[in-house]
Amino acid sequence: MNILKINSRNIRVSLLFTTVLTLNSCDPKALLNPIPETAITGENAFETPERILGLVNGIYKSAKSGNFYGGNYFTYSEARGEEFINRTSNTFTAFEAWNQTLNASSNFIAGFWASGYETINNANILIQGVADHPGVVSDVVGKQYIAEARFLRALSYYSLVTAYARPFNEDQGASKGLPLRLQAETTTANNDLARSTVAEVYAQIIKDLDEAEADLPLTHSSALLNTTRAHRNSAIALKTRVYLNSGKYDKVIDEAKKIVSAQPPFSAETGVKHKLENIVEIFTTNYTSSESILSVPMTELDNVTGQTSFPYVFNANSEYNLNPAGIWGDTEWRATDLRRTFSRTASGVQFLTKYSKPSPFLDYLPIIRYSEVLLNYAEAAARKGDLATAKKLLIAVRNRSDASYIFPNAAVATQPNLIKTILTERRIELLGEGFRSNDIVRNLEAFPAKSGNGLVAPAVGPAQANYVFPLPNTEIITNKLLLE
């Protein structure tokens, strides 16, 4: 079963900010207009195990939205950084992100916010519904479903707070963050909600992930499900990202040690046996390898295409070429590195081919890979002064793709240089996976100026208003407490 599709009974899920149908069985109109058995309403949504599973699948489906992890999250996150040069000035494919002119009325600003909160609300509905309907599924299954919902809620809040709020490391999270919606909403009655602080949002994310870790299964029944549904190591891996983003390096190390062995070759010794795999295969033929901790699957019948598809925008339609002044031009990234094979040359410039399937675009989009966990661990260890561990982790990631490479001594001998080298390795390893913008912001760096193809984008520093995404007008208009 493709877990991002509603199940084969064609269950319809439409609970987000809509009025739930409530029909009295004695109402003549209800008798004349019966609800189809395959429809989900407020009264029967949690009536059978199959319908509850359909709602769980619906949360994953929300996260796969074209404006979220199905496409535009990657497109806009990568466009804002310096690794790519825009070629088309197309507003619908992130030109406003590339040239740093996104505003509160931009389509993506509204769409990304709506998709994130749709996923959150679908998670809230599931959490409440399972609790309100005991016995429909077993306690173990019910706890697992709630844990999956908590995991996806945490992922969504993390994705939103790191885009629309000031960085945690700027003031330890004292700035205003997001409306923290934790209850199921089926009408717009409670839409007015003030923003919690960034620190409060992060605390909720960690709370959700801690609780999810306790109830998620160690493994699922297949490699496909281990890649496309959350399990225990998924929650642990995401915590390393969240703690890294908030500068809590001791916590990064504590979490990473749960799924990273003490010595190379690094692997997870409990749960799914994560390890580094062949870098070319995991992006071309083996989407469900043990390196894949969570990915968005694509199938012939369920995919994201057109201008919301990252592979379409950055590869098939040639709207962004690799910036020779960006990481692509790093002389320490050698031609012998297998990650260099993720490119093609046209019109004298290079294009990223990490996602190379033609339309319909069936490459899985990775949300969490094991190599990221190793680099999170490496950076945290380096910042805490454990240079030996940091170097081992760094070398493991580089030598997986370039077995004979030896880092220059100057690049790894001192703490500042080693941290810089690890951050550079992130730019290489995670290129095209939606990390660059957030790595710039969490480190309070400036977005570099960039130019090419007759286009110019200015540098943007932490003190500027457009350093983070603006709040969308759609939310400002409907939520009267948002700006308080």
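A polar contact is a pair of N or O atoms within 3.5 Å, where one must be able to donate a hydrogen and the other to accept it. In this predicted model, Arg398 gives a neat example: its side chain reaches the backbone oxygen of Glu332 at 2.9 Å, and that distance falls inside the limit because the cut-off is 3.5 Å. Arg398 belongs to helix 14, which covers residues 387-401. Is this arginine buried or exposed? With a relative accessibility of just 2%, Arg398 counts as buried, because the word applies to anything under 20%. Its charged end also sits over the ring of Tyr405, 4.4 Å from the centre of that ring. Leaving aside residues up to four places away in sequence, Arg398 touches Glu332, Trp333, Asp337, Arg339, Tyr405, Phe407, Glu425 and Ile428. Another arginine placed over a ring is Arg80, whose charged end is 4.2 Å from the centre of the Phe447 ring.

Next comes a buried glutamate. Glu291 sits in the loop between helix 11 and strand 4 (292-296), and its relative accessible area is 0%, so Glu291 is buried. Which side chains make polar contacts with the side chain of Glu291? One is Arg369, at 2.7 Å, and another is Arg400, at 2.6 Å. Both arginines also turn up among the residues that Glu291 touches, a list including Lys275, Ile282, Tyr370 and Glu429 as well, with residues up to four places away in sequence not counted.

Helix 11 itself runs over residues 249-259, and its buried residues are Tyr249, Val252, Ile253, Glu255, Ala256 and Ile259. What do these residues pack against? Their partners are helix 8 (198-215), helix 10 (232-245) and helix 13 (370-383).

Zooming out, the largest nonpolar core takes in 129 residues, and those with the most contacts inside it are Phe112, Leu126, Phe151, Tyr164, Leu178, Ile205 and Val260. Helix 6 (residues 139-164) supplies the largest share of this core, with 14 residues. Apart from it there is another core, made of six residues, among them Ile440, Val441, Val460 and Tyr467. In soluble globular proteins, nonpolar side chains tend to be buried together. For a closer look at one member of the big group, Ile205 touches Ala154, Tyr157, Tyr158, Val161 and Val242, again with residues up to four places away in sequence left out.

Aromatic rings get together too, with 29 aromatic pairs in the structure. One of them joins Phe95 and Trp98, which are stacked with 6.1 Å from centre to centre and 20 degrees between the planes. This pair counts as stacked because its planes are under 30 degrees apart. The two residues are three places apart in helix 4, so about one helical turn separates them. Phe95 has a relative accessibility of 15% and counts as buried, while Trp98 is buried at 0%. Phe108 and Phe112 form a stacked pair as well, at 5.2 Å centre to centre and 15 degrees between the planes. Here the residues are four apart in helix 5 (residues 107-132), so they too are about one helical turn from each other. Phe108 and Phe112 are both buried.

Then there is a small hairpin. Strand 6 and strand 7 run antiparallel and are joined by four bridges, with two residues between the strands. Ala346, in strand 6 (residues 343-346), has Val349 of strand 7 as its bridge partner. At 24% relative accessibility, Ala346 counts as partly exposed. Its C-alpha atom is 9.3 Å from that of Asn321, a residue 25 places away along the chain.

Finally, a few spots have backbone geometry worth a look. Most residues other than glycine have a negative phi, and most peptide bonds are trans. Where does the model show something else? In the hairpin turn, Ser347 has a positive phi of about 55 degrees. Gln172, in the loop between helix 7 (168-171) and strand 2 (176-179), also has a positive phi of about 55 degrees. For Ala94, phi is near 80 degrees; this alanine lies in the loop between strand 1 (84-86) and helix 4 (95-98) and is buried at 0% relative accessibility. As for peptide bonds, the one joining Pro264 and Pro265 is cis, and Pro265 lies in the loop between helix 11 and strand 4. The bond from Ser359 to Pro360 is cis too, with omega near 0 degrees, and Pro360 is in the loop between strand 7 (349-352) and strand 8 (365-369).

Key:
Residues are numbered from 1 along each chain as its sequence is written. This is a predicted model: local features need pLDDT of at least 70, side-chain atom pairs count only at pLDDT 80 or more; totals for chains, interfaces and linings use all residues. Side-chain values use heavy atoms; hydrogens and water are left out. Buried means under 20% relative accessible area, exposed over 50%, partly exposed in between (1.4 Å probe, protein chains only). Contact means heavy atoms within 4.5 Å. A nonpolar core is a set of buried Ala, Val, Leu, Ile, Met, Phe, Trp, Tyr and Cys residues joined through side-chain atoms within 4.5 Å. Two strands pair if DSSP finds at least two bridges between them. Rings of Phe, Tyr and Trp (its six-membered ring) pair if their centres lie within 6.5 Å; planes under 30 degrees apart count as stacked, over 60 as edge-to-face and the rest as tilted. A charge sits over a ring if NZ of Lys or CZ of Arg is within 6 Å of the ring centre and within 35 degrees of the ring normal.
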